[in-house]
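Hello,

Here is the structure I promised to pass on to you. Have a look at it first, and then read on for my notes.

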Amino acid sequence: GHSQIAWTISIYFICKLIDKFINNINTQNTEKPVYMFILDNIWTFISIIVILSASIYISYSRVYIEGCHTLEQVIVGGVIGATLGFLAFYFEDNIRKLIY
């Protein structure tokens with residue numbers, strides 16, 4: 001459960017950051033200084049690394065620190081969580097339309 005939730009949230013936010021990064025490149029504002037554009041992109045990459053590190057640590061801790069799961073259980077939970085996170089990102093607009 002812990003790995004699944006961690007990877008769901010992580011992949012969702014990583015997809016959002018990558019989407020922001022792509023939109024930032026496509027709509028680069030010429031009025032914005034170049035150093036701000038570079039800092040925005042560096043911040044995006046650092047955020048992705050921190051998010052991935054947290055998910056990897058949570059998965060690692062469930063097997064080797066807590067000892068409450070096997071490696072296979074954590075891998076399967078991580079794959080299911082990553083899949084759910086991507087699907088949540090991909091279908092986010094459709095889900096919002098259904099809710100509102």
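Five aromatic pairs turn up in this predicted model. One of them joins Y60 and Y64, whose rings sit 5.1 Å apart centre to centre with 35° between the planes, a tilted arrangement. Both tyrosines belong to helix α2, where four residues, about one turn of the helix, separate them. An α-helix has 3.6 residues a turn, so residues three or four places apart point the same way. How open to the surroundings are the two partners? Y60 is partly exposed, at a relative accessible area of 44%, while Y64 has 54% and counts as exposed. There is also an aromatic cluster, made up of F86, Y90 and F91.

Y60 has one more entry in my notes. Its C-alpha lies 8.3 Å from that of V74, with the two positions 14 residues apart in sequence. V74 brings me to helix α3, so let me take the helices in turn.

Helix α3

This helix runs over residues 71-90, which makes 20 residues. From the first C-alpha to the last, α3 reaches 28 Å, close to the 28 Å expected at 1.5 Å a residue. Which of its residues are buried? They are V74, G77, G78, G81 and G85. These residues cover an arc of only 105° around the axis, which puts them on the same side of α3. The cover over that buried side includes α1 (2-26) and α2 (34-65). On the face of α3 turned away from the buried side you will find the exposed residues E72 and Y90. You have met Y90 already, as a member of the aromatic cluster with F86 and F91.

Helix α1

With 25 residues, α1 reaches 36 Å from its first C-alpha to its last, close to the 36 Å expected at 1.5 Å a residue. Its buried residues are S3, A6, W7, S10, I11, I14, C15, L17, F21 and N24. What do the buried residues of α1 pack against? Their packing partners are α2 and α3.

S3 is a good residue to click on here. It lies in helix α1 and is buried, with a relative accessible area of 5%. Beyond its neighbours within four places in sequence, S3 is in contact with I58, S59, R62, V74, G77 and G78. Three of the names in that list, V74, G77 and G78, are also among the buried residues of α3.

Helix α2

N41 has its place in helix α2. Is this asparagine buried or exposed? N41 is buried, at a relative accessible area of 10%. Not counting residues up to four places away in sequence, N41 touches F21 and N24. Both F21 and N24 are listed among the buried residues of α1.

Cysteines

How many disulfides does the structure hold? The number is zero. As for the cysteines themselves, C15 counts as buried at 14% relative accessibility, whereas C68 is partly exposed at 39%. C15 is one of the buried residues of α1.

The chain as a whole

Stepping back, the protein chain has four helices and zero strands, and along the sequence the pattern reads α-α-α-α. How does the radius of gyration compare with that of a compact globule? For 100 residues such a globule would have a value near 13 Å, but this chain has 17 Å. The C-alpha trace spans about 55 × 35 × 15 Å along its principal axes. Of the 100 residues, 26% count as buried.

Contacts between distant parts of the sequence are well represented too: among contacts with a separation of 6 or more, 71% join residues 24 or more positions apart. The contacts of S3 with V74, G77 and G78 give you a place to see this in the model.

If you would like a route through the structure, you could begin at the tilted pair of Y60 and Y64, go on to the buried side of α3 with V74, G77, G78, G81 and G85, and finish at N41 where it touches F21 and N24.

Happy viewing, and best wishes

Notes: Residues numbered from 1 in each chain as written. Predicted model: local features only at pLDDT ≥ 70, side-chain atom pairs only at ≥ 80, totals over all residues. Heavy atoms only, no water. Helix = DSSP H or I, 4+ residues; strand = E, 2+ residues; numbered from the N terminus. Expected span 1.5 Å × (residues − 1). Buried < 20%, exposed > 50% of the residue type's maximum accessible area, 1.4 Å probe, protein only. Arc of directions from axis to C-beta. Contact = heavy atoms within 4.5 Å. Phe/Tyr/Trp six-rings, centres within 6.5 Å; stacked < 30°, edge-to-face > 60°. Disulfide = S-S within 2.5 Å. Rg over C-alpha atoms; globule rule 2.2 N^0.38 Å.
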